[in-house]
Structures are given as C-alpha cells and as structure tokens.
Amino acid sequence: MSAQRTSYHGQWSSRWIFIMAATGSAVGLGNIWKFPYMAGENGGGAFVLVYLACIAIIGLPVMIGEILIGRRGRQSPINTMRALVADGAHWDGWRFVGWLGVLAGFIILSFYSVVAGWALSYVGEAASGAFVGVESATITALFNDLKGDPWRLLLWHTLFMALTIGVVARGVQSGLEQAVRYLMPALFLLLVVLTGYAMQSSGFDEGLAFLLRPDFGALSANGILAAMGQAFFTLSLGMGAIMVYGSYLPADASIPRTAATIAVMDTTVALLAGIAIFPLVFTHGLSPSSGPGLIFETLPLAFGAMPGGVFFGTLFFLLLVFAAWTSAISLIEPMVAYLVENRDWGRIPAAVASGGAAWVVGLGSVVSLNVASGFDIFFGLTWFGFADYLTTNIMLPLGGLLIAIFAGWVMPRSAVIEEVGLTGLLFRVWYGLVRYVTPVGVGIVFLHAIGLIGG
Ligand code: PHE
Ligand code: NA
C-alpha cells in the first residue's frame with residue numbers, strides 16, 4: 001500500500017542535484033528562443049502578464065503535483081500512474097497520461113533538436129567573426145541561408161541528437177549535474193551582460209515598454225492559449241519529465257521549496273532574455289513578430305558591436321546549446337525509463353531507439369523550413385509549426401490538467417499530505433489550486449481558444 005518506494009534507476013544524492021537537473025530541464029530553448037518570439041508575435045506585455053500569471057497559479061502548483069506523483073511512484077511515468085492507481089484509485093486508464101507524455105516528449109524533441117542545431121551552427125559563426133560590425137540585413141541573410149539549406153540543418157540536427165543520445169545512454173548520474181552547476185550560472189551571467197548592453201541602446205525604453213506594458217487589445221484567444229502553453233513548456237510540465245526526475249528525488253527533500261526555486265530561476269532567465277532582445281529589435285528597426293528566427297536575427301547584432309563580442313558570442317551560443325542539451329535529455333528520459341522498466345531494454349539501445357526515432361520525425365521539421373515550407377499540414381502550419389502547436393498548446397496543458405486532477409482528486413489525500421509536506425493554509429491553497437483552479441483554468445482557455453466561449 002502506501003509505503004514510500006525506492007527507484008531502481010538510482011537516486012539523486014541530494015535535493016540540490018535534483019534542483020540542478022530539473023533546472024537543466026526547465027531552462028533551455030523555451031526561455032531564450034521561444035519566449036521572446038512568442039511574446040513578440042502576441043503583442044508583448046499582455047502576453048507576458050498572462051504567462052506570468054499562468055506560471056504562478058497553474059505552473060507552480062502543477063509542478064509540485066508532478067514531482068509528488070513521481071516521488072510517490074518511483075518509476076517511469078507510465079508505471080507510476082499505474083502503481084499509484086493501485087494504491088487507492090480505481091481506473092487503470094490513468095496510465096494514458098504517461099503515454100501522452102511520452103508521445104509529447106518525443107515530438108518536442110524532434111523539433112527541439114533542429115532548433116538546437118541552429119544554435120550549434122551559430123557557435124561556429126560567432127567564433128569565425130561572422131557577426132563583427134555587420135548590418136542587420138547581413139545577419140538576417142545569414143539566418144535565412146541556414147534555414148534554406150536542408151543539408152546544413154540536417155548536419156547540426158544529427159549532431160545535436162547524437163549528443164543527446166550519448167548522455168541518455170549513460171544514465172542519470174553521469175556527471176552532468178556537475179556541469180549544470182557551473183554552466184547554468186555562466187549562461188545567466190552572459191544574459192546579464194547582454195541586458196547591460198541593451199540598456200545603453202537607443203531602443204531600450206521602447207523594448208522594455210513593449211515587453212512590460214500590457215495592451216490587452218493585442219492579445220487574442222489564441223494568444224492566451226499560447227501564453228498558457230508556454231508556461232507548461234518552459235517549466236517542462238505535463239509530459240512526465242519532471243515526474244521522472246521526481247522519482248529520483250530523496251524522500252526527505254521539500255517538494256514545494258524545490259519547485260519554487262526552479263520556477264523562479266526559469267522565469268528570471270526568460271525575462272532577462274526578453275529584456276536583452278527587444279531593445280535590439282527596436283534599435284535596429286526590426287519587427288518583434290518575425291517569428292522563430294528572432295534571437296538569431298537580433299543577438300548577433302549585439303555581439304557584432306560590443307567589445308569582446310567574438311568571445312561573448314561564441315560562449316553564449318555554446319551555453320545555449322548546453323542548456324538545450326540538458327532539456328533534450330529530459331525529453332526522452334520518460335520514454336527510455338519505460339523501455340528499460342517494461343521491455344527490459346538496456347539503457348543504450350533504449351536511448352538509441354528513442355533518439356533515433358525522434359531524429360527521423362525531426363526530418364519533417366528540417367524540410368518544412370525550406371523545400372517543404374509551402375506544405376500546409378494543418379490550418380496553415382508547416383510540420384514544424386504543427387509539431388510545436390500540438391505539443392505546447394494542447395498536449396502539455398492537457399497532460400498538466402490530468403496530472404492536477406490526479407494529484408488533487410485521485411490520489412488518497414493522506415498520501416498527498418505525506419509527500420507534499422505542506423500544512424495549514426499553505427496546504428489548502430496549493431490543494432485548492434490543483435483541485436479547482438488548474439482544471440477550470442485550463443478548461444476555460446481551451447474552450448475559449450476553439451471559440452466555444454468568449455469572443
Ligand atoms: N522546458 C524546456 C525549455 O524551456 C523544454 C522542455 C519541455 C523540456 C518539456 C522538457 C519537457 O526549453
Ligand atoms: Na524553460
């Protein structure tokens with residue numbers, strides 16, 4: 001029955017290592033690549049405000065729930081959801097949540113790796129001095145050349161996926177946490193440097209106002225859905241990544257404190273990235289809504305003009321690749337954990353098969369940036385756009401909603417209290433958020449976006 005289990009993939013040696021790994025999962029392309037361009041496409045301030053609200057009242061409570069379920073079950077998400085149901089609930093269908101997550105992680109990885117490939121290729125561009133002293137038109141052309149060349153994209157996508165498979169194949173405690181400890185703070189410092197550079201550019205006030213002054217007229221129902229989806233995406237929620245990491249968390253670590261630390265760090269990185277980028281957008285007369293290429297068309301301008309820019313630029317893109325790498329690992333860990341537990345696979349074949357399959361699906365994203373860019377998969381979206389929309393806006397919020405219902409309504413209250421370690425008012429607030437606010441909130445945003453309610 002309820003007793004606390006131990007994981008058979010091993011355990012993190014401390015709460016800090018879990019925080020490092022979970023922060024490694026959370027902080028990635030979502031913060032630096034996706035958040036700025038999504039904010040730009042959805043009108044800025046109002047999007048940011050809704051995003052922050054979603055982090056606070058949905059993301060953080062769901063994260064606590066997801067870690068808690070993981071630590072209680074101590075297995076891959078699919079098996080955990082099954083095991084906890086046997087503990088007290090009555091419906092085997094909950095393992096569907098685990099499957100949904102495995103599928104979402106797999107699809108996300110397929111395009112994530114392609115974008116991480118852009119960052120890899122920019123390491124070389126920065127190091128060779130390609131940004132030094134050039135105009136914004138040259139920088140835009142540089143990005144378009146990369147996007148237009150399927151073979152170069154393929155090369156970098158392949159390299160990034162191989163890096164990911166390499167680490168996953170070697171298991172949880174492979175020394176990666178050590179690297180996170182130094183490289184994450186380094187990335188953070190570089191963002192501070194970039195923000196400092198942005199502060200003395202002529203477009204700073206306009207950039208900051210764009211990012212922080214809410215104009216609700218600019219935010220559509222789909223923009224609200226995108227802000228909510230981005231909250232799940234950036235915190236790695238709703239697909240089992242955090243659940244799997246939670247399953248390796250020592251029993252005495254405080255889950256709420258851990259989750260809050262991760263959410264604050266992730267949000268800080270995203271906001272810093274936005275503050276560094278939008279002033280550049282306005283200084284150089286670019287469009288905030290230029291889409292997924294935004295950081296690749298703006299940050300090189302800063303590196304090209306600042307002292308030490310070759311060094312800082314090279315380091316920045318290297319650290320960005322690193323941040324993407326630690327996220328990518330967590331994207332296939334649920335699938336790998338499942339193959340190892342249920343199908344008796346070794347970690348190496350499991351990692352190669354999962355990563356290899358995501359690589360194949362990623363080919364669709366590679367060609368949708370060039371030769372197949374006119375190919376409409378779904379309501380005007382290319383494969384790349386569709387894979388992103390489906391996972392970020394639908395699968396992750398749906399997974400998060402089900403996780404909230406599971407922690408709030410399905411697990412026995414006593415087991416929840418034992419794991420979460422909150423008492424009194426704090427417990428009631430958190431429990432109320434996962435039981436009512438998350439399901440109702442996600443439900444309303446879904447219905448609003450498909451046009452069933454509101455305007
Ligand atoms: N949170 C990661 C990022 O912001 C992406 C991610 C999503 C990782 C879902 C794992 C699971 O880049
Ligand atoms: Na993130």
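**Group meeting: a walk through the predicted model**

Tyrosine 248 sits in the loop that joins helix H11 (241–246) to helix H12 (255–283), and I would like to start there, keeping in mind throughout that what we are looking at is a predicted model. Is tyrosine 248 buried or exposed? It is buried, because 22 other C-beta atoms lie within 10 Å, and the cut-off for calling a residue buried is 20 or more. Its partner for comparison along the chain is glycine 70: the two are 178 residues apart in sequence, and yet their C-alpha atoms are separated by 8.0 Å.

From there I move to arginine 74, which belongs to the loop between helix H3 (45–73) and helix H4 (77–88). Arginine 74 is also a buried residue, since it has 22 C-beta neighbours inside 10 Å. What deserves a careful look is its backbone, where phi is positive, at about 60°, although the residue is not a glycine. As a reminder, most residues other than glycine have a negative phi.

Serine 236 gives us a second case of this kind, again with a positive phi of about 60° in a residue that is not a glycine. It is placed in the loop between H10 and H11, and it counts as buried because there are 30 C-beta neighbours inside 10 Å.

Serine 236 also takes us to the ligand. Which residues come nearest to ligand 1? Of the 15 residues around it, those are Gly28, Gly30, Ser236, Ala241 and Ser327. If we ask which helices build the shell, then helix H1 (15–26), helix H2 (29–41), helix H10 (221–234) and helix H14 (309–342) each supply at least two residues. In terms of class, the shell around ligand 1 is made up of seven nonpolar and eight polar residues, with no charged ones.

Since H10 has now come up as a contributor to that shell, let me follow it to its crossing with helix H18 (residues 424–449), where the two axes come within 8 Å of each other and cross at roughly 145°. The crossing is left-handed. On the H10 side the contact is made by Ala221, Asn222, Ile224, Leu225 and Met228, and on the H18 side by Val445, His448 and Ala449. Sorted by class, these contact residues are six nonpolar and two polar, and none of them is charged.

Staying with H18 for a moment, this helix also holds glycine 441, which counts as partly exposed because it has 19 C-beta neighbours inside 10 Å, where 20 would be needed for buried. Glycine 441 and leucine 401 are 40 residues apart in sequence, and their C-alpha atoms are 9.1 Å apart in space.

Next, a residue inside a helix: serine 121, in helix H5 (residues 95–127), is buried, with 22 C-beta neighbours inside 10 Å. What does serine 121 touch, if we leave out residues up to four places away in sequence? The answer is Leu146, Arg152 and Trp156. For one of these, arginine 152, which is 31 residues away along the chain, the C-alpha separation from serine 121 is 8.6 Å.

I would also like to show helix H9 (residues 204–212), in which Gly207, Phe210 and Leu211 are buried. These three cover an arc of only 95° around the axis, which means that they are on the same side of H9. The general background is that an α-helix has 3.6 residues a turn, so residues three or four places apart point the same way.

Finally, the beginning of the chain: serine 14 is located in the segment before H1, and it is partly exposed, because its C-beta neighbours inside 10 Å number 14. Serine 14 and leucine 447 are 433 residues apart in sequence, and from C-alpha to C-alpha they are 42 Å apart in space.

Terms used: Residues are numbered from 1 along each chain as its sequence is written. Chains are lettered from A and ligands numbered from 1 in the order in which they are written. This is a predicted model: local features need pLDDT of at least 70, side-chain atom pairs count only at pLDDT 80 or more; totals for chains, interfaces and linings use all residues. A residue is buried if 20 or more other C-beta atoms lie within 10 Å of its own, exposed if 12 or fewer, and partly exposed in between; C-beta atoms are placed from the backbone. Helices (H or I, at least four residues) and strands (E, at least two) are DSSP runs, numbered from the N terminus. The arc is that of the directions from the helix axis to the C-beta atoms. A residue is near a molecule or strand if its C-beta atom, placed from the backbone, lies within 6 Å of it. Ala, Val, Leu, Ile, Met, Phe, Trp, Tyr, Cys and Pro count as nonpolar, Asp, Glu, Lys and Arg as charged, and the others, Gly among them, as polar. Axes are lines fitted to C-alpha atoms, for helices over the stretch in contact, and angles run from 0 to 180 degrees between N-to-C directions. A crossing is left-handed if the near helix is turned anticlockwise from the far one by less than a right angle, and right-handed if clockwise. Two residues are in contact if their C-beta atoms, placed from the backbone, lie within 7 Å.
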